[in-house]
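Dear colleague,

I am handing over the structure below, and I would be grateful if you could look through it alongside the notes that follow.

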Amino acid sequence: MTGPAPGSAQTPRGSAADPAGLGIVAGFLTQVRTRPDATALVLDAAETSYRELYELARQESGRLACLDLAPGVPVGVLADKSPGAVALVLACLLVRRPVMLPSPALADALLADLFAQAGCTHVLAPGGEPARVGPNAAVAAKPLPAEEAADVAFMLTTSGSTSLPKIVPLSTDAVDRFTQWAGPAFGIGPGRTVLNYAPLNFDLCLLDVWTSLARGASVVLVDPALAAHGHHLSELILRHRVQVVQAVPMAFGLLREAADRSGDHFLSVEHVMFTGDAIPDRTLAALPVLFPEARFHNIYGCTETNDSFIHEVDTRAASLGAVPIGRPLPGVRALVLDPDTNTVVEGTGSGELFVSTPFQALGYLDRARHAGKFTSHPLDLDDRRWFRTGDLVRRDAAGNLHLTGRTDFQVKVRGVAVNTAEIERVLLAHPGVLEAGVAALPDPIAGKALVACVQRAPGSALTGLELRKHCAQRLPRAAVPHRLTLTDAPLPKSANGKVDRNAVAPLAQLSSTTTPVAAPLTEGTAS
Amino acid sequence: MSNIDTIKNFVVTEFLPGTAADELSADHDLLNDGVIDSLGVLKLIAWVEDRFEIAIGDTDLNPDNFRSVAAIEAFITESRRTADA
């Protein structure tokens with residue numbers, strides 16, 4: 001089975017002159033047919049044209065066909081960002097093969113479980129190379145109903161708030177609707193250059209990689225290994241005259257630091273989208289200088305629903321206060337539920353945000369994990385599928401929404417959602433750990449830095465290095481605490497007898513002095 | 001003090017406070033278990049440049065050069081050799 005070939009009699013919906021109505025596959029094929037020599041991807045100094053990318057994808061689809069899989073059975077893809085990796089995912093889209101795309105930075109054991117749970121029988125790497133992990137044969141698949149599975153395009157994972165990330169299947173129609181919004185919204189089309197900052201498994205790529213390829217733009221891929229180098233990012237934007245930049249606030253902080261030294265600014269950029277976390281005031285204040293010609297958008301979304309809110313920042317305003325998440329995207333419904341009265345807040349007021357978007361998943365792959373997340377209307381006022389975000393918001397008099405907090409223990413580390421309660425659970429699973437508390441402290445670059453305090457079990461000789469390894473095997477990278485403090489004394493407790501996270505933070509900060517102290521034992525040994 | 005010990009001391013002081021330098025083996029994968037993350041690599045590079053008086057260009061930013069104490073040592077030795085040549 002292969003997708004329609006370019007130049008064949010088969011005409012995709014819409015036309016080359018009006019690609020707005022096309023989805024990813026039809027849009028990409030239209031580009032291959034009408035603009036084969038245009039640049040699709042740029043990585044380092046190498047450029048890949050639309051024709052070359054199509055050829056790579058065709059070779060991959062040949063390999064996919066050889067696997068002889070039943071319709072709807074997903075394949076896993078484990079790959080660092082490269083044109084070959086993009087081609088492999090593209091091949092899956094072309095032949096309507098659901099593609100499970102977890103972070104290659106996850107520990108192998110976690111990946112093996114995830115692939116198995118998704119029902120993958122094969123895990124692929126680009127170019128027919130063997131992937132470093134296969135599905136764990138001991139874990140049962142939780143496949144979707146066949147008719148639903150056949151519609152799935154991407155299977156992404158939640159960014160890591162749990163020890164085993166949740167799998168989010170996104171249908172072809174859902175991602176196509178998204179690209180149809182995002183393309184025109186940010187002028188993504190032929191002759192335009194878009195920076196792709198996020199790793200390939202992030203939902204952000206639905207905008208900067210897949211919308212771009214659907215609409216004929218060029219994508220400048222940032223190598224994730226170099227993504228923390230502000231100077232490198234700055235060079236990429238300048239050299240390739242990038243017009244659209246979407247990234248987590250941290251990236252703009254890194255660019256600001258690099259520009260402070262070099263004096264560079266980025267005249268080519270027309271749209272700046274920051275997303276995934278609150279932008280620090282200092283970074284926000286620097287944006288109009290860094291990008292003198294750009295419009296600035298704060299985008300709010302999550303893997304389950306994709307983007308749902310947007311706010312354009314007026315940089316001419318006298319003072320830039322905290323940036324609201326703004327208003328719902330076209331087609332997005334949102335409601336604010338007052339948790340005390342269980343009524344919908346109309347007008348100004350505060351409560352928990354529920355959203356329902358045209359881009360969202362029907363639910364998690366594992367339906368057992370739906371409870372409290374994918375729900376019906378909280379007051380049963382409609383038949384839509386709603387997503388309970390866990391974000392607390394305030395609606396101001398102008399109708400804009402502002403984030404005010406969380407209903408759970410989720411925090412953002414470099415734009416990645418992690419749950420401190422889940423990290424505590426993982427720490428406690430180690431036999432050498434008696435008690436654990438995790439807190440998130442403000443960090444000028446990463447947004448939040450995670451600190452953990454652990455009381456060792458009596459007689460345990462657990463070391464910080466060993467506990468760090470334990471975490472790295474069970475948690476996504478962003479959820480591994482930056483600082484682990486070990487002590488043999490009980491942790492401070494709150495009135496109800498639970499570990500007091502507020503008291504844990506100063507304990508960990510205390511240990512950040514480089515002198516080892518007797519108690520707490522910082523990353524220390526028993527001696 | 002050998003370069004290995006100097007590097008170990010820096011890594012432990014900066015990223016693993018309290019850990020005995022002996023506990024950290026020279027081939028311990030620092031990136032894989034999050035001892036040093038991508039922001040930490042920047043800090044490490046700045047220190048290497050300063051301490052060993054070598055200039056690290058964008059082409060040397062491959063994280064594998066900083067994956068373990070031994071890898072850092074090899075990178076420093078190689079950089080100095082190239083600089084002297």
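Please keep in mind throughout that this is a predicted model. I begin with chain A, in which an open sheet of 9 strands with mixed pairing follows the order β2-β1-β9-β8-β10-β11-β12-β13-β14. Its edges are formed by β2 (46-49) and β14 (327-328) of chain A, each of which pairs on one side only. Within this sheet, strands β10 (residues 244-247) and β11 (residues 271-275) of chain A run parallel and are joined by 4 bridges, and A:Ala247 is found opposite A:Phe274 of β11(A). Helix α7 (residues 205-215) of chain A packs on the sheet, where it touches β1 (39-43), β8 (193-196), β9 (218-221), β10 and β13 (306-313) of chain A, and its direction makes about 145° with that of β8(A).

Chain A is also divided into domain 1 (330-358 + 368-406) and domain 2 (410-522), and the C-alpha centres of these two domains of chain A lie 32 Å apart.

Turning to chain B, helix α1 (residues 3-15) and helix α3 (residues 69-84) of chain B pack with their axes 9 Å apart and at an angle of about 125°, and α1(B) and α3(B) are therefore oblique to each other. The crossing of α1(B) and α3(B) is right-handed. On the α1(B) side the contact is made by B:Asn3, B:Ile4, B:Ile7, B:Lys8 and B:Val11, and on the α3(B) side by B:Val69, B:Ile72, B:Glu73 and B:Ile76; by class, this contact of α1(B) with α3(B) has 6 nonpolar, 1 polar and 2 charged residues.

With best wishes

Note on methods. Residues numbered from 1 in each chain as written. Chains lettered and ligands numbered in written order. Predicted model: local features only at pLDDT ≥ 70, side-chain atom pairs only at ≥ 80, totals over all residues. Domains from an automatic or database assignment. Axes fitted to C-alpha atoms, helices over the stretch in contact; angles between N-to-C directions. Helix = DSSP H or I, 4+ residues; strand = E, 2+ residues; numbered from the N terminus. Parallel < 35°, antiparallel > 145°, perpendicular 65-115°, else oblique. Left-handed = near helix turned anticlockwise from the far one by under 90°. Contact = placed C-beta atoms within 7 Å. Nonpolar A, V, L, I, M, F, W, Y, C, P; charged D, E, K, R; others polar. Pairing = 2+ DSSP bridges.
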